[in-house]
Amino acid sequence: MANIPPGGDRRSPLAFDRRKTAMVSTHLELLSKMSGHLAVTLNLEETIQKALDLIVKFVQAEGGALFLLEEKFATLVCKASAGPVDIRGIRLKSGEGIVGQCVTNNTSRIVKDVRQDPNFDQSVDESTGFQTRSILCTPMTVNKQKVGAIELVNKRTEDGLFSETDLLMLQTLASAAALAINNAHMAEELVEQERVSRELELATEMQRSLLPDTPSDSFPVFGTNLPANEMSGDFYDFFQLDDGYIYFSLGDVSGKGMDAALLMSKTASLFRCLGKTIHEPNVLLATINRELCETAIHGMFVTMVCGLLDTKTGSITIANAGHEPPLIHARDGTFTALPASAPPLGIMSLQAGDNGIRAETFHLEGGTLYIFTDGVTEGSLEDGSRLGQAGFQDIIRERRDLPIAARIEAVVSTLSNTGRKRHDDITLLAVEDARPELRNTIDSVEPVMVARHTFPARAEALHTVREVVNNACEACGCEPEDATDIIIAVGEACQNVVRHAYKDHDTGDATLEIYCKDGILEFRLQDSARPVDREKVKPVWPKELGPGGLGVCLIHDIMDQVDYLPPPKDQGNLLRMVKSIKRKNSNET
Amino acid sequence: MKHEILKRNGATIVAFKGEIDLESSPAARKILLRCFDNNSKVVVDLSGVTYIDSSGVASLVEALQAAKKNAGQFSLAAVSEPTRRVLELARLDKVFTLYDSVDKALDNPA
């Protein structure tokens, strides 16, 4: 398209119409060209320079400048300049000169002769040697927000004057430029955000690299850390020493932000570094404490447990500074807490020993030690309630026969698959006594079936079922109190089969199998009735006392574990109930 | 399950023996509720009960509710160990009025 400048031909009305038409199409061409440029570039300086060049060329000005407001709208800074002199960088006070007036009053101006205008600031001409005669200036705004202004000088026509058409044109172009500037600003912010998030990503990666690698299945220590946000204030670590010792540690830094994460990194590094030479956990904690106190960050502290496992004997020496008590889950099913002997680290000077950080030594005897942060016990379940120590123990107890990794994963998935936002990091460490000779004795005890009894699902049959259970309990060396409870629970379970599973019209048989293994009794009750509604067999203490709901509660109260297994042949229901028992004439409790 | 009904000092004493389970609890329920037809003070002697399940406990609860509705008195006496255990587990040991013996139950208002 031919570039016909406005005002180039003023001879006839017909020519004027042609000129107008041509001008409109050139407007459009310029706008689309500018938009094209502005769309591809998100670099601010490049954007405004291109925009200004196009405008100056199109309006046929000798030169031009684009000013942007800076310093909270107090100063106008020239960001792009076109024409014989480069005035980029010059700064004007907002309100100063013709440009400043335009911005402040948000109005455009056509100044035919600058010498007649009191607002004209001659200092720029004086310093550059350029002679300004006429000016066209328009402010730029985006969403009513002042951005800056575009100023054109000296029209390249005979009279050297800017017209109203030129002004209209400049205003249109200025608003397009303002929008582009705004976009470029946003793009810059985006780039900055991207940079910060990339840095956070790197920091997260760096922090994760401080955690130990996932060990092999047979390794007796397993840990996990699931941060609530990118960075975690929790840590755990473990590494092998000579002679079959494994050093392990878990800590929780107060607070949650980046500062907590950095202190966590420092503490974890201290543990790994000092642990190589200091083989007494309480002395190690005291040394780390000294380091943390020396470079104390105001108000921050670390709760920390560290210990040494002798894999040859299953003995553990452990020290706890202000941390939530770790739990020992013994082979007999009991849990024992190990409370802290000292305050958290980083607060005050602490000595290793009876008056400061104590070390305790005990034998795992085939059991497992669990160390965790309060993000575990205070973590929310699906219904919003807290997991608590009891809930944690339930999860562990139900999976006592699984490998430690699976037990830990079960706790984590219970807390992380709730559909709720987590507010705290989840960190857990399990240390088990995995001596091969012990494993053999555990594994060599196959569950033995002590009874199998099939009975018609009728009320009259329940008396015999109870006798079978009683005999089985006796055969397994069960204490009478446990036997009484077990009979109550199994009786209720059988009663539920009679009352609910088969209802009135539907009758059939049920089979009870009783297994004994290592102080644990397992009852499997199989029926071939329609599958029960699991929701209805959850223990909810009935407000209106009916026998059904009460029975389920009794079962759950008495048994350590109650669950439904997939029934063989996919038919009916298979209820499993597990109870660890006290045995007569046995030291195991 | 066997049972015996005695009248003493204007009260009805029901003594159950054996097992109150799903099989026998409907009978126990009928016996207990019938007692309120002609007397408002009922004492249940549970000394001879060797086993009670949730359906048996439900019968006792229903009798207690009937007594409260009719401004009657209902107490359990000489509760056997297995029965006491179930009441404890069911958190009902505080709901019922328990007496060590039938005599003490008769001496006291339930």
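Start by selecting strands S17, S18, S19, S21 and S20 of chain A: these five form an open sheet in just that order, with antiparallel pairing. Keep in mind as you look around that this is a predicted model. To find the edges of the sheet, pick out strand S17 (448-456) and strand S20 (561-565) of chain A, each of which pairs on one side only. If you step from one strand to the next, the twist averages 15°.

Now zoom in on two strands of this sheet. Select residues 509-517 of chain A, which make up strand S18, together with residues 520-527 of chain A, strand S19; the two run antiparallel and are joined by eight bridges. For a single pair, click on A:Tyr515 and look across to S19(A), where A:Glu522 is its bridge partner.

Next, add residues 462-475 of chain A to your selection. This is helix H12, and it lies across S17, S18 and S19 of chain A. Compare the helix with S17(A): helix H12 runs at about 175° to that strand.

Time to look at the nonpolar cores. Which residues of the largest one touch the most other members? Select A:Val469, A:Ile486, A:Phe523, B:Phe16 and B:Phe74, which hold that place in a core of 70 residues. Then show helix H13 of chain A, residues 480-501, which supplies the largest share of this core with ten residues. Another core, of 32 residues, lies apart from it; to find that one, select A:Leu68, A:Ile150, A:Met169 and A:Ala184, which are among its members.

Move over to chain B and center on B:Phe16. Leaving out residues up to four places away in sequence, its contacts include B:Met1, B:Lys2 and B:His3. Also touching B:Phe16 are B:Ala28, B:Ile31 and B:Leu32, as well as B:Val44, B:Asp45, B:Leu46, B:Gly48 and B:Val49.

The last two stops are about backbone angles. Stay in chain B and select B:Ala78, in the loop between strand S4 (73-77) and helix H3 (81-89). B:Ala78 is not a glycine, yet it has a positive phi of about 50°. Is this residue buried or exposed? With a relative accessibility of 18%, B:Ala78 counts as buried.

Finally, return to chain A and select A:Gln60, found in the loop between helix H2 (44-59) and strand S1 (61-70). A:Gln60 also has a positive phi, of about 60°, although it is not a glycine. Its relative accessible area is 22%, so A:Gln60 is partly exposed.

Notes. Residues numbered from 1 in each chain as written. Chains lettered and ligands numbered in written order. Predicted model: local features only at pLDDT ≥ 70, side-chain atom pairs only at ≥ 80, totals over all residues. Heavy atoms only, no water. Helix = DSSP H or I, 4+ residues; strand = E, 2+ residues; numbered from the N terminus. Buried < 20%, exposed > 50% of the residue type's maximum accessible area, 1.4 Å probe, protein only. Core = buried A, V, L, I, M, F, W, Y, C linked by side-chain atoms within 4.5 Å. Contact = heavy atoms within 4.5 Å. Pairing = 2+ DSSP bridges. Axes fitted to C-alpha atoms, helices over the stretch in contact; angles between N-to-C directions.
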